Amino acid sequence: MRITKFGHSCVRVEHGGTALVLDPGAFTPDAAQAVDGAAGVLVTHEHADHWTADALRAADAPIWTIAAVAEQIREQAPDLAERVTVVAPGQSLEVAGLPVQVVGEKHAVIHPELPHFDNSGYVLTCGDQRVYHPGDALTGPGEPVDVLLAPVCAPWMAVADGIEFARFVAAPRVLAIHDKVYSDLALGIVDQHFGRFLGQDGLEFVRRPDGADL
């Protein structure tokens, strides 16, 4: 299995010659490169930092996503609508031959006075390894996973929240995502905190530059 971080929350997972891409959005400068040759694209929720029409158009791959995103695609990019399959929380599916479990249904609360958006994460099973991308939620996968793609900074999350989420999931390896909100200086502090507390629990935490593999 190969996991490549492509900026912010966009991650490419390759196994057995098949590549799936999650959340190629506006904060991912190389989103077109990320989806190149992909057999499928998974989108967790409707915010622009997690999907753009241009990124989805950069490949002819099928798209799996929740109903709220499918509706936006129909409105903003109707040429892509026929490639979309709508998924629902708790659903088990197979994407390009890889088992995928759909997890959760709500974005983390940004502010009590703002709408509470839908969000579903995905557990990808690649041979004997499970990879979990939660999107913008701190919802556990409901099963043991080997790699957690963990949000580390966001308007809806304190660093302590992210650390405790990673501890709760307890994946042996934790790869930082959702990291374009803070400056490089602040991310250095984030790395220290995640590394310290997860290390105490025997969990490996890493944050990779855009385009780098786990």
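**Exercise 1. Find the residue of β3 that is the bridge partner of Glu14, then place the two strands in their sheet.**

Solution.
- Glu14 has Ala19 as its bridge partner in β3. The model is a predicted one.
- The strands concerned are β2, residues 11–15, and β3, residues 18–22. Five bridges join them, in the antiparallel sense.
- Both belong to an open sheet of six strands, ordered β1-β2-β3-β4-β5-β6. Its pairing is mixed.
- At the edges are β1 (2–5) and β6 (84–86), each pairing on one side only.
- With direction ignored, neighbouring strands here are turned by 20° against each other on average.
- Helix α3 (residues 67–76) packs on this sheet. It touches β4 (40–43), β5 (63–65) and β6, and its direction makes about 150° with that of β6.

**Exercise 2. Give the strand order of the open sheet of seven strands, and explain why one side of β7 and of β13 is left without a neighbour.**

Solution.
- The order reads β7-β8-β9-β10-β11-β12-β13, with mixed pairing.
- β7 (92–95) and β13 (204–206) stand at the edges. Each has a single partner strand, so one side of each lacks a neighbour in the sheet.
- From one strand to the next, the twist averages 25°.
- For β13, examine the pairing with β12 (residues 173–177): it is parallel and runs over three bridges.
- Within β13, Glu204 stands opposite Arg173.

**Exercise 3. Determine which strands α4 and α5 lie across, and work out why the buried residues of α4 line one face.**

Solution.
- Start with α4, residues 159–169. This helix lies across β10 (129–133), β11 (147–151) and β12, at about 165° to β11.
- Next comes α5, residues 184–200. Helix α5 lies across β11, β12 and β13, at about 170° to β13.
- List the buried residues of α4: Val159, Gly162, Ile163, Phe165, Ala166 and Val169.
- Look down the axis of α4. The buried residues fall within an arc of 160°, so they line one face of the helix.
- Their cover includes β10, β11, β12 and α5.
- Check the residue just after α4: Ala170 takes a positive phi of about 60°.

**Exercise 4. Search the whole structure for aromatic pairs; decide whether the rings of Phe194 and Phe205 are stacked or edge-to-face.**

Solution.
- The search returns one aromatic pair.
- The ring centres of Phe194 and Phe205 are 5.0 Å apart, and the planes meet at 25°.
- Planes under 30 degrees apart count as stacked. The pair is therefore stacked.
- Phe194 sits in helix α5 and Phe205 in strand β13, 11 residues apart. The pair links distant parts of the chain.
- Now test burial, for which the limit is under 20% relative accessible area. Phe194, at 0%, counts as buried. Phe205, at 14%, is buried too.

**Exercise 5. Identify the residues that touch the most other members of the largest nonpolar core, then trace the contacts of Leu124.**

Solution.
- The largest nonpolar core has 43 residues. Tyr122 and Leu124 touch the most other members.
- For Leu124, set aside neighbours within four places in sequence. Its contacts are then Val13, Leu20, Leu22, Leu42, Pro99, Val100, Gln129, Arg130 and Val131.
- Another core, of 22 residues, lies apart from the largest one. Leu148, Ala150, Cys153 and Phe194 are among its members.
- Phe194 also belongs to the stacked pair with Phe205.

How values were computed. Residues are numbered from 1 along each chain as its sequence is written. This is a predicted model: local features need pLDDT of at least 70, side-chain atom pairs count only at pLDDT 80 or more; totals for chains, interfaces and linings use all residues. Side-chain values use heavy atoms; hydrogens and water are left out. Two strands pair if DSSP finds at least two bridges between them. Helices (H or I, at least four residues) and strands (E, at least two) are DSSP runs, numbered from the N terminus. Axes are lines fitted to C-alpha atoms, for helices over the stretch in contact, and angles run from 0 to 180 degrees between N-to-C directions. Contact means heavy atoms within 4.5 Å. A nonpolar core is a set of buried Ala, Val, Leu, Ile, Met, Phe, Trp, Tyr and Cys residues joined through side-chain atoms within 4.5 Å. Buried means under 20% relative accessible area, exposed over 50%, partly exposed in between (1.4 Å probe, protein chains only). The arc is that of the directions from the helix axis to the C-beta atoms. Rings of Phe, Tyr and Trp (its six-membered ring) pair if their centres lie within 6.5 Å; planes under 30 degrees apart count as stacked, over 60 as edge-to-face and the rest as tilted.
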